[in-house]
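Please open the model in your viewer and keep the selection tool at hand, since this tour moves from one selection to the next.

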Amino acid sequence: MSYTVEKIEGSKAKFTITVESEAFNAARDKAFKRNKNRLSVPGFRKGKVPRKMIEKMYGKEVFDDDAINLAAPDAYEEAMKDCDLEIISRPSYEMVDVNDDDTFVFTATVAIRPEVKLGDYKGIEVEKRTVKVLAADVNAELDRIREQNSRKIEVTDRAVKKDDIVKIDFDGYVDDKAFAGGKGEDYDLVIGSHSFIDDFEDQLIGKNIGDDVNVNVTFPEEYHEQSLAGKPALFKVKIKGITEKELPKLDDEFAEEVSEFETLKEYKDDIKKNLTERRKKEAADAKEAEALEKLVESTDVDIPEEAIDDQTEELVREFGYRMQMQGMDPQTYMKMTGMTPEVLMGQMRPEAERRLKTRFILEAIVDAEKIVADEAEVDKEIEDIAKMYRQKPEDYKKSLSDRELDSIKKEIAVKAAAKLVADKAKEVERESASTSEE
């Protein structure tokens, strides 16, 4: 294999690759073996026709298309590894010629890392974020933990009240007719959760176990089921049970049960410390995100469409994987929401472009600042990845190829560049600044 490569307009490169006769004939032979069982020639059983006989009958080039499809990707891969370009898209192939000497020539056009003209990436103005943890925040966290440690108690001697969990059967009717999805049995409804429409839950307050209750509600005008939107409905409800939550008492005993501390005061101090650290991390992440967003907005990068296409497809694959992790089939989700692959691709494309632009800018900063990951950082990253795959760090490191190891080092350097931009950003007070961190 031999090749030449030229950079062309639009951050692209064009490889012109020649595959020698030996490699091409080997690919022809492989193509013949793949296809021989489909070929029929009088006097021969299927799969037993000699290759020379087939070529004599149909021409020497009978297997060329398949052979080219087999040989071209390998030849391109070899050329790509040999060149010093940073390729960021899949190749687009174009056949040039099959020569009389059994060599063939093809081109592969790819997107390459675009040139980035960096501006002033130090001193970007970002909102100043003040981190405070108030007593109310600590109490809210304690309430959440008490809720997690609550126990449910069946109630038989009183009527339904707010915050109860009521077990109900219900049948829904619109225009005196039952409608799809309007029926339920042994449904646990939290009174005050507003999980049912209108004031459905409020109409159960004061009722008792065994009561049959007619609940009158009106569906919202913007209800997702058009046939029900804006219509009055009657639900016939049977109250079958009442349960209430009992929260543990907030004292030293509670602190001992749910934590490593002996007193409630110590536990509160620890909660405050953890909340402070969490909010500092959130503030730092928000600062970095704002600094990078402004950097991207102010930097001109010409990203090839091919790279955006590839990145968009990657985001779509990530989306499908997340759906599967949540127990939902992506195709089912698409049908339920009326989504089409084309619409999904269109929605993902701006994010794909933003990700690529951010990445290229940070890589340019890595080059400008000569950022290099040191061995300790690499070992720590490998340890974290190995832990995720439940492997020993030393075993995982041995399994990495040079390219994979370089990718880890590059990722560390890119993260360091993002941190540098955030660290050098100038924090300014703003009258309209959000106080959500307080």
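Begin with the aromatic rings of this predicted model, in which 17 aromatic pairs are found. Select phenylalanine 196 and phenylalanine 200, whose ring centres lie 4.7 Å apart with their planes at 70 degrees, so the pair is edge-to-face. Both of these phenylalanines are buried. Widen the selection to Phe170, Phe179, Tyr187, Phe219, Tyr223 and Phe235, which ring pairs link with Phe196 and Phe200 into a cluster.

Next, select tyrosine 173 together with lysine 236, and look for the charged end of the lysine, which sits over the tyrosine ring at 5.2 Å from its centre.

Now turn to helix α1, residues 21–35, whose 15 residues reach 21 Å from the first C-alpha to the last, close to the 21 Å expected at 1.5 Å a residue. Colour Phe24, Ala27, Arg28, Ala31, Phe32 and Asn35, the buried residues of α1. Looking down the axis of α1, you will see that these buried residues fall within an arc of 145 degrees, so they line one face of the helix. On the other side of α1, select Glu22 and Lys33, which are exposed. To see what covers the buried residues of α1, show the elements that include β2 (12–19), α2 (51–58), α3 (64–82), β3 (92–98) and β4 (104–111).

Finish in helix α12, residues 402–423, where lysine 409 has its place. Lysine 409 is partly exposed, with a relative accessible area of 29%, and, leaving aside residues up to four places away in sequence, it touches Ala373, Glu375 and Val378. Add glutamate 383, which is 26 residues from lysine 409 in sequence and 13 Å from it in space, C-alpha to C-alpha.

Key:
Residues numbered from 1 in each chain as written. Predicted model: local features only at pLDDT ≥ 70, side-chain atom pairs only at ≥ 80, totals over all residues. Heavy atoms only, no water. Helix = DSSP H or I, 4+ residues; strand = E, 2+ residues; numbered from the N terminus. Buried < 20%, exposed > 50% of the residue type's maximum accessible area, 1.4 Å probe, protein only. Contact = heavy atoms within 4.5 Å. Expected span 1.5 Å × (residues − 1). Arc of directions from axis to C-beta. Phe/Tyr/Trp six-rings, centres within 6.5 Å; stacked < 30°, edge-to-face > 60°. Lys NZ or Arg CZ within 6 Å of the ring centre and 35° of its normal.
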